[in-house]
Amino acid sequence: VILLNPGPVSLSAGVRQSLLGPDLCHRESEFYDLQDEVRAGLLASYQLDPGLWSAVLMTGSGTAAVESMLTSLVPENGAVLICENGVYGQRMAHICARYAIAHERVRGEWLQQLDLAQIEQRLAAGLAAARFTHLAVVHHETTTGRLNALAPLAELCREHGVGLLVDAVSSFGAERIEFGDPSLSAIAATANKCLHGVPGIAFVIARRPALAGAATRAYYLDLARLAQLQDERNTPFTPAVQVCYALAAALREFAAQGGRAARYRRYAALAEQVRQGLAGLGVGAVLPPEECSVVLRSYRLPHGHTYKALHDVLKRAGFIIYAGQGTLADSIFRISTMGEVTTADIERLLRCCKDFLG
Ligand SMILES: Cc1ncc(COP(=O)(O)O)c(C=O)c1O
């Protein structure tokens, strides 16, 4: 089966094989070698200086990393402005509400770009006479495939002296991320999307000075504690050891294949192949390609066909596509091109779509 959903992804043979590595106690030096390799590999994937940045691992899915980032990096007396144009922006607001983190939301339509003027105005106004300390945004809003541009947000953050916290769960490893911008404080991401590992390990890459002032609202997801212990070749809890094997293997393949820029090009070619092929069948993309990620794109369900019918036909042919979420469930479907997916796979997918549409 070929997974065209936004993670977990179809695995390479090498990553799959790595799961059969030797049994390993996480209190032995061999595990800390593995942990060090993964942490260094994550930083190397965006050429980040380990003196300036820390890649902090946690056992959990992408949401764990987002939760760890928000609960730890917004200080006790801080406040965060959350940009929302999809499910994952909304989720950040739900996390802040659950932990009683002072926050406000700039809510936009799910198919629309973020309203920069409104964000700027809200940053300037502050929250109940207090200053926002952070702005939080989803880089690639997987709800629609929209890539929210980080550069203009980082600039606003710089002007207003706030830190930028980025959910990069479905963009890290493929899309450009402006780590060089001093306002970018941290990103949260996961093993099983653009990096092609298996689910179970998520991570935050944070500026070291930001970790120094971190809050401790969460216990398991306490980012500063995780970072400190991992720097000391330690770990507070039992990590998903085999998932670390897979992530290390995936990072080695990532580097051997040319790193982030090569992965971007590979995804872009596949995403365009899908877009142009579907356009030829009369199936339109929801957003123009220049506003989308190369990771996943949304398409309008062709008139007179349900998602279920399309999904089931493609599943029988060995492809898993993905439904729209929330109010978009009846009108769109999504195709991701992460993982071990080839042009030949996409050619066959398009032939199946053509047969389905008659
Ligand atoms: C942008 C974004 N953030 C967060 C998540 C949540 O990740 P997980 O389901 O691994 O918790 C996802 C999952 O697709 C995502 O696409």
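Strand 9 (residues 184–190) and strand 10 (residues 201–207) run antiparallel and are joined by 5 bridges. Here strands are DSSP runs of E with at least two residues, helices are runs of H or I with at least four, and both are numbered from the N terminus. This is a predicted model, in which local features need pLDDT of at least 70, side-chain atom pairs count only at pLDDT 80 or more, and totals for chains, interfaces and linings use all residues. Residues are numbered from 1 along each chain as its sequence is written, and side-chain values use heavy atoms, with hydrogens and water left out.

**The sheet**

- Within the strand 9 and strand 10 pair, Ala 188 stands opposite Val 204.
- The open sheet is built from 7 strands in the order 2-10-9-8-5-3-4, with mixed pairing; two strands count as paired if DSSP finds at least two bridges between them.
- Strand 2 (53–59) and strand 4 are the edge strands, and each pairs on one side only.
- On average, neighbouring strands of this sheet are turned by 20 degrees against each other, direction ignored.
- As a reminder, strands of a sheet pair through backbone hydrogen bonds, either parallel or antiparallel.
- Helix 3 lies across strands 2, 5, 8, 9 and 10, and runs at about 155 degrees to strand 9. Such angles run from 0 to 180 degrees between N-to-C directions, with axes fitted to C-alpha atoms, for helices over the stretch in contact.

**Helix 4 and what follows**

- Helix 4 (residues 87–98) has 12 residues, which at 1.5 Å a residue should span 16 Å; the end C-alpha atoms are 16 Å apart, in agreement. The expected span is 1.5 Å times one less than the number of residues.
- Val 87, Gly 89, Met 92, Ala 93, Ile 95 and Cys 96 are the buried residues of helix 4. Buried means under 20% relative accessible area, exposed over 50%, and partly exposed in between, using a 1.4 Å probe and protein chains only.
- Their cover includes helix 3 (62–73), strand 3 (80–84) and strand 8 (163–167), where contact means heavy atoms within 4.5 Å.
- Just after helix 4 comes Ala 100, in the loop that leads to strand 4. Its phi is near 55 degrees, a positive value in a residue other than glycine.
- Ala 100 counts as exposed because its relative accessibility is 68%.

**Other backbone points**

- Arg 233, in the loop between helix 8 (223–231) and helix 9 (241–256), also has a positive phi, near 55 degrees.
- With a relative accessible area of 32%, Arg 233 is partly exposed.
- The peptide bond from Gly 7 to Pro 8 is cis, with omega near -5 degrees. Pro 8 lies in the loop between strand 1 (2–3) and helix 1 (13–18).

**Around the ligand**

- The residues surrounding the ligand include Tyr 88, Arg 91, His 140, Asp 167 and Lys 193; the cut-off is a heavy atom within 4 Å.
- Ser 61 has a polar side-chain atom 2.5 Å from an oxygen atom of the ligand.
- For Thr 63, a side-chain N or O atom is 2.5 Å from a ligand oxygen atom, and for Thr 142 the distance is likewise 2.5 Å.

**A buried arginine**

- Arg 146 is found in strand 7 (residues 146–147) and counts as buried because its relative accessibility is 3%.
- Leaving aside neighbours within four places in sequence, the contacts of Arg 146 include Asn 85, His 140, Glu 141, Glu 291 and Cys 292.

Definitions and conventions
A polar contact is a pair of N or O atoms within 3.5 Å; within protein, one must be able to donate a hydrogen and the other to accept it, and residues adjacent in sequence count only if both atoms are side-chain atoms.
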